[in-house]
Amino acid sequence: MMELLVHKFVRDYQNTGDQTVRTAYGVLTSTVGILCNLFLFLLKLSAGLVMGSLAVIADGFNNLSDAASSIISLIGVKMAQKPADKEHPFGHGRLEYIAAMIVAFIVVEVGLTLFRSSVGKIRNPEELKFSWIPFVFLVVSVFIKLWMGFYNRRLGKRIDSKVMLAVSADSFGDVAATSATIAAILISAFSGINIDGIAGLLVSLLVMWSGIGIIRETAAPLIGEGNDPELERSIKELVEQHDGIVGSHDLIVHNYGPGRSMASIHAEVPREVDIEESHAVIDHIERQAKSDLDVNLVIHMDPVEIHDERVLAIRDKLGRILTVLDERLSFHDFRAMFSDEQVNIYFDLVVPYSYSDAEQLRLRDQVAGLMREVGEGYVCFIELDRSFCEEDEKNLK
């Protein structure tokens, strides 16, 4: 059914990389969420009043908070579409993450309120009145929430929306909560044991756990999480496939919201090639990154030696030493400057995050010492470095 709605209300729905299309997806899912949650609130409120069940009423108010969350999601998605301006030159895409965070805190607050009410119900239990029609209402609400959870997750992954994935997680939490309420009603009806307060307590814990999970998911891009390995591979492949590029390193991708990325990378070029010729290649790659990947890419050129046998021999010695010390180590920005007295060797040593600061310093001294042993007059000037690229860091583990 959701696909039918997508085809009807989202123009050019297959072009999910377009910001207008993403916004249309967000508006559609938020609107459907508001309507469904309002319907479920009225359904559960009436069922809870008839049965005299606090757990059912609490579950209904949880759906009312979900409707409010959908409204916030709708506002967040619309505001995230605002174009860049003087104050926000990279756009407003991160407002979508902020909206998801607000949704998460609302969910946690609802869970805390339910927790307090459930504790009171345990202390002062009231008789439950079983009725088939309200009970059927609850069963129907489970299937509605399941449908909402699956479609939000499916469409959220399709357009890479943290808000929709947060709503999906919340919906599945509601399924578990309502199922616990149904179980409590059945136990009370057929055994006479009233566990309504306990069920409400379980519901509140599930709701809070769902909210905490959403906070964890949405905090990561706001703090600065690792980027999509597929995007990182695409950028490196795009850069390195061009003639005149020997290799690349130090890829950093900054995310300013779904579909809004800026990146920088160091591209290695042969040192003997005219700088204007290399610069023309770099300019072409930057334009291609924007057109093919929709990434604003800034490239720094690093001249490297690819013909001098003396330099290549030293590089080979360094590579063998690092392999013996730790296969996870790598290096870049390698240069060698020769004089009558010594050979000055400059390079960046890329170290895994598992190394402490003290271990890095010891490693640097160890590498410099071993290089002095394998080559007379070798003096190393080593800069310690980390990889910002998730795929590279995996290879360093």
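A cavity here is a set of grid points where a 1.4 Å probe fits but cannot get out. The model shown in these close-ups is a predicted one, and it holds three cavities of 30 Å³ or more.

**View 1. The largest cavity holds about 90 Å³ of space.**
Have a look around its walls and you'll meet 14 lining residues. Thr29, Ser30, Ser73, Asn152 and Val167 are the ones nearest the centre. Four helices each chip in at least two lining residues: H2 (19-51), H3 (54-80), H5 and H6. H2 gives the largest share, with four residues. What about charge? The lining has no charged residues at all, just eight polar and six nonpolar ones.

**View 2. The second largest cavity has a volume of about 60 Å³.**
Its lining includes Asn37, Asp66, Ser69, Ser70 and Val103. Lys145, Met148, Val167, Asp170 and Ser171 also belong to the lining of this cavity. Helices H3, H5 and H6 each supply at least two of the lining residues. By class, the lining of the second largest cavity splits into three nonpolar, four polar and three charged residues. Val167 may ring a bell: it lines this cavity, and it is also among the residues nearest the centre of the largest cavity.

**View 3. The second largest pocket offers about 250 Å³ of space.**
Of the 14 residues lining this pocket, Ala169, Ser210, Gly213, Ile214 and Glu217 sit closest to its centre. Two helices, H6 (162-191) and H7 (196-223), are the elements that give two or more residues to the lining. Which helix gives the most? That's H7, with eight residues. Sorted by class, the lining of the second largest pocket has seven nonpolar, four polar and three charged residues.

**View 4. Helix H1 packs against helix H5.**
H1 covers residues 2-9 and H5 covers residues 132-159. Their axes are 11 Å apart and meet at an angle of about 50°, so H1 counts as oblique to H5. On the H1 side, the contact is made by Met2, Glu3 and Val6. H5 answers with Trp147, Tyr151, Arg154, Leu155 and Arg158. Altogether the contact has five nonpolar and three charged residues, and no polar ones.

**View 5. Helix H5, end to end, and the residue just after it.**
How far should the 28 residues of H5 span? At 1.5 Å a residue the answer is 40 Å, and the C-alpha atoms at the two ends are 41 Å apart, so the expected and modelled spans agree. Now step just past the end of H5: Asp160 takes a positive phi of about 55° there.

**View 6. Helix H6, end to end, and the residue just after it.**
The 30 residues of H6 get the same kind of check. At 1.5 Å a residue they should span 44 Å, and the end C-alpha atoms lie 43 Å apart, which agrees. Just after H6 comes Gly192, with a positive phi of about 80°. H6 also turns up in earlier views, giving at least two residues to the lining of the largest cavity and at least two to that of the second largest cavity.

Key
Residues numbered from 1 in each chain as written. Predicted model: local features only at pLDDT ≥ 70, side-chain atom pairs only at ≥ 80, totals over all residues. Heavy atoms only, no water. Axes fitted to C-alpha atoms, helices over the stretch in contact; angles between N-to-C directions. Parallel < 35°, antiparallel > 145°, perpendicular 65-115°, else oblique. Contact = heavy atoms within 4.5 Å. Nonpolar A, V, L, I, M, F, W, Y, C, P; charged D, E, K, R; others polar. 1 Å grid on protein atoms, 1.4 Å probe; cavity = no way out; pocket = protein on both sides within 12 Å on 5 of 7 lines; lining within 4 Å. Points joined across faces, edges and corners; volume = space filled by probe spheres on them. Expected span 1.5 Å × (residues − 1).
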